Amino acid sequence: MNYEYYDKFINKDTIGIYDITPIFENPVIFNNLIKDLLEPLKEIKFNKVVGLDALGFIIGGAISNKLKVGFVPIRKGGKLPGKEDTILRTSCIDYTQKKKVFEINKNSIKKEERVLIVDDWIETGSQIKSAIKLIEDLGGKVVGISALRAHRNIKTKILFEKYNCKPIGIKEEL
């Protein structure tokens, strides 16, 4: 795994966070990304892949398809079409310092299901922690976290230590 390999495909001429979507445009690079995201987790068994809205849907969907396991989206607030009593919600303050609400269908994760969480980028870990809360509230067990890039800092430390966070690239901030 070599983050620099992917870095040259990331659009940095953006406002705010970098744009990794050029990786998806190239089928060879995208396929390599999926293989590289899975490599450090190859010994881990899981029943479901959870992807965070929005780029986690693309990456997580590709991983779940490749491994023939279920995919579960965690949506931003107000996006799930279910009735009120079928949706579980939680909120956080994200990397932009704005409050965000995340939702999951209550029947998406069964008790004791083993779950891999996938997203594109982890800076503060607040969105991943929201996903963990939703999964654990439904009785699931997070067995790994995969991302293209993650910042290792005081806020994300627990993701690395307790939840088996295995990004391709790590920005050390400790």
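## The nonpolar cores

In this predicted model, the largest nonpolar core, meaning a set of buried Ala, Val, Leu, Ile, Met, Phe, Trp, Tyr and Cys residues joined through side-chain atoms within 4.5 Å, has 26 residues, and those with the most contacts inside it are I117 and I145. Buried here stands for under 20% relative accessible area, with a 1.4 Å probe and protein chains only. Elements that each supply at least two residues of this core include β1 (48-52), β5 (114-122), α5 (126-137) and β6 (141-152), and the largest share, 5 residues, comes from α5. Helices (H or I, at least four residues) and strands (E, at least two) are DSSP runs, numbered from the N terminus.

Leaving aside neighbours within four places in sequence, I145 is in contact (heavy atoms within 4.5 Å) with residues including I117, I128, L159 and Y163. A second, separate core of 23 residues includes I29, V49, I63 and W121.

## The sheet

An open sheet of mixed pairing is formed by 7 strands in the order β3-β4-β2-β1-β5-β6-β7, where two strands pair if DSSP finds at least two bridges between them. Because β3 and β7 (169-172) stand at the edges with a single partner strand each, one side of each is left without a neighbour in the sheet.

Within the sheet, β2 and β4 pair in the antiparallel sense over 2 bridges, and E103 in β4 is the bridge partner of R75.

## Basis of the values

Residues are numbered from 1 along each chain as its sequence is written. Local features need pLDDT of at least 70, side-chain atom pairs count only at pLDDT 80 or more, and totals for chains, interfaces and linings use all residues, while side-chain values use heavy atoms, with hydrogens and water left out.

Conventions: Buried < 20%, exposed > 50% of the residue type's maximum accessible area, 1.4 Å probe, protein only.
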